[in-house]
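This briefing covers one sheet, the helix across it, and a separate helix with its surroundings. The structure comes first, and the points follow by topic.

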Amino acid sequence: MPKASDSGSAERRKSFGFFPLSLSNSLAPVHDAGTEGSALKPKKQRPVSFFSSSSLTVFDGEGSKLNDEKQPPSPRLRPGRLTKGARPSSIFGSLRLTQASEDAHALLHRTISKDSCVDEGKRADALVPERVVLQHGEVQTSGGLFRKRKEYLVLTDKQLLRFKSQSRATEAFPSIPASLGRSNAMGNNLRHTSIASASSTQDLSSIHSHSSADNSSGIPLHQVIAAYKVEDGRPYFSIEVSYMDNETNHSSTMILQLGDPREAESWLASIRNASQKARLTEPTPFPQSSVEYVARRLEQERDYDPAHFRIFKVVQRASSKVQGRSGSVDDLAKMNSSVCYLVIGVYKIHLIPAPKGTGRSSTTSLTDLASRTSYGIVTLTSINFKAVEDAFELTFRAPLRQPSTLHLASVFASEIVLRIREVAEYLRPEWLSQSFTLSSLPELGETVLTESGDEEDHKCFDRTLTAYCAAYDVDTSNICYAVSYDVEEAPLFTLLPPTNPRRPKYSVLELLALLRALRYNESFSSISFRGISLEVLHSLRDFYGTDHVAWTTRSGTAVDIKGHDQKSLLIQELRAIALKSKRLRRMDFSGCIERKPQDDDTNTKDPGCEIVEALFPLCRKQRTNLDWITLSGIELGEADLDYLVDAAVEKSSHFRALEVSRCGLTDRSLQLILNAMLSQENTLESIDISGNLARLSPLSFQGQIGHFGFIRKLNLSRVHRTSGPEPLVAPETMLSWRLTELDLSETPVNEQTVDAVAAYLASSMSDSLHDLRLNQCGLTGRDVAVFLHSMTHTPGVARKLHLHVSENRLEKDHGLLVKAVARNLTPSHMTMKMVDYQKEDHFRELIKAVRKNKTLRYLDISKASLPYDASDETCEALKLMFADNDTLEELDISGEHAHLEVAKFGIGLNHALTGLIKNKALKVLRIEYQKLGFQGANTLSSVLEQNCSLTEVYCEHNDINLQGLTALVGGIAKNKTVLYLPSMDQERMEILQRVEREIQSIRTEVNTGTHKTSVRRTLAAVKTGGHQPRHTLSEYTDQDVQAAVRLMDEKWDRQIQRLQSYLARNYSIAGGLPLPPDEGDENSRPETAIATPALGLVEKASSVSEAPSDKESSLSEEMSAKFGLLIDGDGISRGGGSGFCSPEGSLYVQVSD
């Protein structure tokens, strides 16, 4: 195979964007008008066909053109007849098979021009052969217009010529010997083949001879697409030569049948070498129309990038099986071969039928492709390629489908293979070995390919995921994930629910695309599938191949697990992730499998959740570094227990965690697991056995858990224990640990357990403890006070610990808890949610104690239940707490709105919020479900105008309408510190739905005559100033109602846009960034306004496509009056509530529900 020079190859490699390899011969023309100039456009030539011919410009031995006067005059020729040239001196010398020397090739230059031969005043185009004859001989051909006939072929360095007989070839090429006689020409099926030597090149004096189209036809070698052997199992050896005219897009084929395999090999090698040299010396770029045609096809597949795709001409061969079923034994022209474009896009390989020519007829015998075919590059499983052939095969296999093999052939075979391999490595840069097999490497395969220098996040994970989604026809936008860095074992990859709300679960192909994109990725130390259903992969097997199976670890060690290739896709994919990553240490599968194991007395054994079977044998055999596997929320069967126990008893498994919360463990199964885990006493750091059916005996449990001396996290919440005075965990056992998290929530705690926890808190061994959860444990105020006294090592200094004591009986001995809070014995974070106060005085005392506290940084007293709305004294205490506390940074006083219970402070909370004006420390305020309404929003807006410490305000679910949102936005306009304020989406939806319901209700009442006219007269008087309304509600159509609701929705959108602009400004200020452009004169929050709703609605509608009709404006007025959506002339909503009067005296009437 001829090679380009090293310098040329280097230049071609540098010419391509992010792919280092550049295939100059196959490079598609760029869509640039500048490249279409005449200087770069190849000169058009008349195509060589069976009915026309062209001649050659003659050169002398030095490569210069002969003068016309030096050439002998051309004799008159009869049309359709070749002029005989001089016969060689020896016909035996011309039969010797000799190879032309390279010096002769360098000496004789090749150029095609047009010449004419005039015969009796008539011009006839003649085909003049090239000067260098590479090979000639008699063969049997078929294809095109010829039907299985013997012809004499002459291969030159630019064309493959076909003659009816050797004598006709001799007339055109005097160097070819004449026929040896009748016996040789017609008997014994003898075919003569010769390869020319330097001495056998034709005499320059005989170049004037011509050949007509009736006697010969030629194939320009630069038009050859492929030359390959046809493996059909027949008694002769066949070579197929396919070619295409670039100008007309007419494709044809010629099949050579030879009886000698050596002769067939000689012809094949000569044609391939000559066509490759012709392609290098005379490159033919694709026409612009062809490039645009291909680009349109790729755009339909969403795989078009103008800088990153390559086009090749290929022949799609029929497979050997198809060829073997041919109806006729000798008719090779019936084989189904097709000339098409092979396009390598960013993510796919496309086979696109070549555009048909514009001529009235075509001599091609190839079958056009019915439609385009696309295959994902990452689904490629094998490449069968040999450097000595143009034929190659590509095999693709999508998940759960049979493999599909493309039988192709092209003179660009080596470049195609290199390009495919390079793109595959670009799409999966982290894969140490690609998932496809390659029979042999093309030339320059190891030196041309280089790794991409692009720097992308998470080791090009997005690139690989997109490639798999494109190959599997999956919508990439539906896959959502997050990467966290502020956790243990960071970075943590977390798969989130799909973005499509109509499909709460991922499909099989979506999960496979994600799991295979995670394979080999070393950027994540932890992977979490918490809450994501993987059940669609459970028991799902792919019977069509094993190309997706990981057989070795990243370092090359064999898996050595029996039946590994026969497992389900869930097992195989999880094993592949664990095997191919050395950095991965932790995986979370909480709630991923919902099925219940069917363990009964039948002979069929339930496979279990399959997650345990996938990973725990790898840990046992030390084939992975994974040592922290969370199985919470998955009910384990007998098969799961077998794999878990089998791995746990091996000390070499090095498990660091046992997290089997809510796994349906019984007394037997839990004891079995705990006893097996005793082998991991030196490595186990976390135990979570919460929420199981098993009942713990404190005596036996202490004997088991006491072996683990390196426990950091212990979760014993929702654990059933046997009765008795013993503590659940003995104090001496706890004093041997350095816990960071301890959770006893919803577990009955007796007095001995309280003392054990208090003793541990008082010890220095608990200094690392930062999270203590004792929710719903039946604790009293005294018990919590004991904990507060025990954890305080230095009075007045806050301990960095978060204490959770929600839903306990804190009102009992509440005074002791209040005194501890007032004496600064609290930790830095404290949560006391859902405390039921029978007396409001107890809650007020707690608020007064918090006012004095100097150690709390975070306090959550949300959902506190009072016997009735907070009194004025309690609200005043809240106001003083807001104003005087200078250490609290985050406060949650949200209420609760449930079907059976409502917890809120009442309207007095609006007065308490004014204390925040003086606060200089609070940063985060949560005040949800407190029924603030418009008045509360107006108060909160006034606070935001003057407060300079708040950064986040959570005030959703407070019945804040458009007026209230506008007031809040006006407050944010003057505030430069708030970075978050909700957009009230829930309130927006509820209000618009209520508006529609009310309008329909009023229309119904008007039609039935039951509507109260007094209310209507009042509304009309307010809206029209004493004039009667122009329309009645009964006259409004559904379209009018929808238009009015749409106008209200647009007003809400405008306020959201203002809010976002102000928050963006504050973000810029906080980050020291340049401020965004000024928003104009909307920075002030107007306090009052004249009630002119119609004017506001009309002005708002004018900002859309058209102004509202009179009926729409009138309806908007009535809606505004009813729901407090009054708009002033600047389009900004102003205040209004039930019976609220502005200082100007404008009455805002609002009818409540």
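**Strand β12 and its neighbours**

V314 stands opposite C340 in β12. This is a predicted model, in which local features need pLDDT of at least 70 and side-chain atom pairs count only at pLDDT 80 or more, while totals for chains, interfaces and linings use all residues. Residues are numbered from 1 along each chain as its sequence is written, and side-chain values use heavy atoms, with hydrogens and water left out. Helices (H or I, at least four residues) and strands (E, at least two) are DSSP runs numbered from the N terminus; two strands count as paired if DSSP finds at least two bridges between them.

**Pairing and burial of β12**

- Strands β11 and β12 are antiparallel and pair over seven bridges.
- β12 also runs antiparallel to β13, to which five bridges join it.
- L342 has L351 in β13 as its bridge partner.
- The connection from β12 to β13 is a hairpin of three residues.
- Seven of the seven residues of β12 are buried, where buried means under 20% relative accessible area, exposed over 50% and partly exposed in between, with a 1.4 Å probe and protein chains only.
- Both faces of β12 are covered, with S338, C340, L342 and I344 buried on one side and V339, Y341 and V343 buried on the other.

**The sheet as a whole**

- The sheet is open, has eight strands with mixed pairing, and follows the order β14-β13-β12-β11-β17-β16-β15-β18.
- Its edge strands, β14 (373–376) and β18 (437–438), each pair on one side only.
- Strands β15 (residues 380–385) and β16 (residues 391–396) run antiparallel and are joined by five bridges.
- Opposite N384 stands E393 in β16.

**Helix α8 across the strands**

- Helix α8 (residues 413–427) lies across β11 (310–316), β12 (338–344), β13 (348–353), β15, β16 and β18.
- The helix runs at about 155° to β15; axes are lines fitted to C-alpha atoms, for helices over the stretch in contact, and angles run from 0 to 180 degrees between N-to-C directions.

**Helix α20**

- Helix α20 (residues 814–822) has H814, L817, V818, A820 and V821 buried.
- These residues are on the same side of α20 because they cover an arc of only 160° around the axis, the arc being that of the directions from the helix axis to the C-beta atoms.
- The buried residues of α20 pack against α19 (781–791), β32 (829–831) and α21 (840–852), with contact meaning heavy atoms within 4.5 Å.
- N824, just after α20, takes a positive phi of about 65°.
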